[in-house]
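Open the model in a viewer and keep the selection panel at hand. The stops below go from one strand to its sheet, then to the helices on it, and then to a second sheet.

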Amino acid sequence: MLKRLYRAVIGGLATAAVAWPLSLSAQAPSTLRMVMHSDLKVIDPIWVSAQIARTHGYLVYDTLYALDANLKPQPQMVAGHTVSPDGLVYTFTLRDGLQWHDGKPVTAEDCVQSIKRWAERDGIGQRLMQNTQELVPVDARTFRLTLKGPYGLVIESLAKPGSTAPFMMPKRIADTPGTQQIRDATGSGPFIFKADEWKPGDKVVYVRNANYKPRAEPPSGLAGGKVAKVDRIEWIVMPDPQVAANAMLAGEIDGNEALTPDLLPLVEGDKSIVLMRGTYPGQYTFRLNWLHPPFDNPKIREAVGYAIDQKPFLEAQVGDPRFYQLCKAYFICGTPLATTAGTEGRLEGNVAKAKALLQEAGYDGTPVVLMRPTDLPFLVNLAPVAKAQLERAGFKVDMQSMDWQTLVSRTNRREPPAQGGWNAFATSWGALDSSDPVISQNLNASCEKATPGWPCDKQIEDLRAAFARQTDMEQRKKIAAEIQARAVMLGTHYPLGEWYGVLAYSSKTKGWLPPMSATIFWNVEKSGP
């Protein structure tokens, strides 16, 4: 049952060792060997938002700012910044000693172009650039961002950890259009990607960047000093969870990001293995397509919100109450913007209300084409629960099974369901992908420019813009509550509950930080072979 949970978003464990010449060290090089939740197929973390690519990104690249363990932005590549008295001009200065893996210095020009490329692909980046009048280098270590008007999310945007993070790249690479994959993974981060040892379907290799200059602060979340304490990291591909669990027990790997819950009893009593639950949960969501019947009708979308009952989804997909929680908050329970605004009576399986809304809307039995992924254990049981709940409320449902890549590709199709389109699907988002209304892709209601599902509502967009301009936290909370209440009523999407992943690592390693939006490998060290 819990098997589905861990193959998805678990947090980071460990693995590293490199064939360094012995002259570099009096000791043999240390290698951390890790099983991740999936294989790395794309090395461009800007072109794709997959979690595995983001984890790769945090090893290889660095960011201007990063969130600490309390979700507060902290300087990372920058020494600091200044803001003009009118709040419109931000001047950033890079810290000393930054250099790319090829030995060339990191410059302001590199960072300006990296921000622009990231903003092509990322929603909050797009909004930042829409509010930016000018973004230019001033000298080799300084660049300036001038706003068109007040905007409250400049630093938060540059510290964004979820989905597509603003990783800095050399200008020669960042000049690549955002619509085109990069093939060169030269970064400035604490580890170097070994392209010559990368074997998709087998392993991914990183080596310690001896020239990386970490910050002096202690590590906290994705911020602070990123000290590489192992020489080599190997991500070993083991798609069979039982094989991976046995390898962990045998000491053949140092960490398992893909440990499935049903195998947890095998390792819980083993003193050589340490388990760490992630700090922040994932959020299961149900996404509706506004373009075609029946969900082009707002009353019918609203009926879905009443038909959904979160607990059966969590019981079917996760199973163990230690690793899930009911939560109606669109912005994740326990985070600053969490609210129940607009959810009263909804997401509790109110079948009578759902039926009444369907009757009021004149639902004519148009089938809901519900897509179900068959190859992702952490999602596979959600669609059957959705089918049962929708049918109980009076919907006709056509559940169609397919692999995840086919599903993702199909979500981009705007054609009617009968021509290869779709009506609904369930998926999972990380907490930091959903923690505010600007970051959340599900709340983008900009019509044809929105993410698949294409919600279209000027009021939500105006409120999101107001949230982005606002600098007072209490006012932001009020705006976020308004956005959630309207999103619940209109049916941009519906949360199905929250779940936690678990990091498993060898007791011969230490220094692990609780996972955030990616597995964190810096600060980890290994005491044995």
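Start by selecting β18 (493–499), where seven of its seven residues are buried, so the strand is mostly covered. Buried means under 20% relative accessible area, with exposed over 50% and partly exposed in between, using a 1.4 Å probe and protein chains only. Strand and helix names follow DSSP runs numbered from the N terminus: strands are E runs of at least two residues, helices H or I runs of at least four. This is a predicted model, in which local features need pLDDT of at least 70 and side-chain atom pairs count only at pLDDT 80 or more, while totals for chains, interfaces and linings use all residues. Residues are numbered from 1 along each chain as its sequence is written, and side-chain values use heavy atoms, leaving out hydrogens and water.

**The six-strand sheet**

Extend the selection to the sheet around β18. Its six strands follow the order β14-β18-β13-β17-β15-β16, and the sheet is open with mixed pairing. Two strands pair if DSSP finds at least two bridges between them. At the edges are β14 (324–325) and β16 (397–402), each paired on one side only.

Next, show the neighbours of β18. Six bridges link it to β13 in the antiparallel sense; pick R287 and its bridge partner in β18, H493. With β14, β18 also runs antiparallel, joined by two bridges, and here Q325 has E498 as its bridge partner.

Move on to β13 (residues 282–288) and β17 (residues 424–430), an antiparallel pair with seven bridges. Within this pair, select T285 and T427, which are bridge partners.

**Helices on this sheet**

Add α9 (residues 298–307), which packs on the sheet and touches β13 and β18. The direction of α9 makes about 20 degrees with that of β18. Contact here means heavy atoms within 4.5 Å.

Then add α10, which packs on the sheet against β13, β14 and β18, its direction making about 45 degrees with that of β18. Axes are lines fitted to C-alpha atoms, for helices over the stretch in contact, and angles run from 0 to 180 degrees between N-to-C directions.

**Where α10 meets α12**

How do the axes of α10 and α12 cross? Select residues 310–317 for α10 and 382–393 for α12: the axes come within 9 Å and cross at roughly 150 degrees. The two helices are therefore roughly antiparallel, the term for angles over 145 degrees; under 35 counts as roughly parallel, 65 to 115 as roughly perpendicular and the rest as oblique.

Show side chains at the contact: P312, F313, A316 and Q317 of α10 meet L382, V385, A386 and Q389 of α12. By class, this contact has six nonpolar, two polar and no charged residues. Nonpolar covers Ala, Val, Leu, Ile, Met, Phe, Trp, Tyr, Cys and Pro; charged covers Asp, Glu, Lys and Arg; the others, Gly among them, are polar.

**The seven-strand sheet**

Now select the open sheet with the order β8-β9-β10-β1-β11-β19-β12, which has seven strands and mixed pairing. β8 (191–193) and β12 (273–277) each have a single partner strand, so one side of each is left without a neighbour in the sheet. Helix α2 (residues 51–60) packs on this sheet, touching β8, β9 (203–208) and β10, and its direction makes about 170 degrees with that of β10.

Select β1 (residues 31–35) and β10 (residues 232–236): they run parallel and are joined by four bridges, with R33 opposite E234. β1 also pairs in the parallel sense with β11 (residues 255–256) over two bridges, where V35 stands opposite N256.

Finish at β12 and β19 (residues 502–506), antiparallel over five bridges, with M276 opposite L503.
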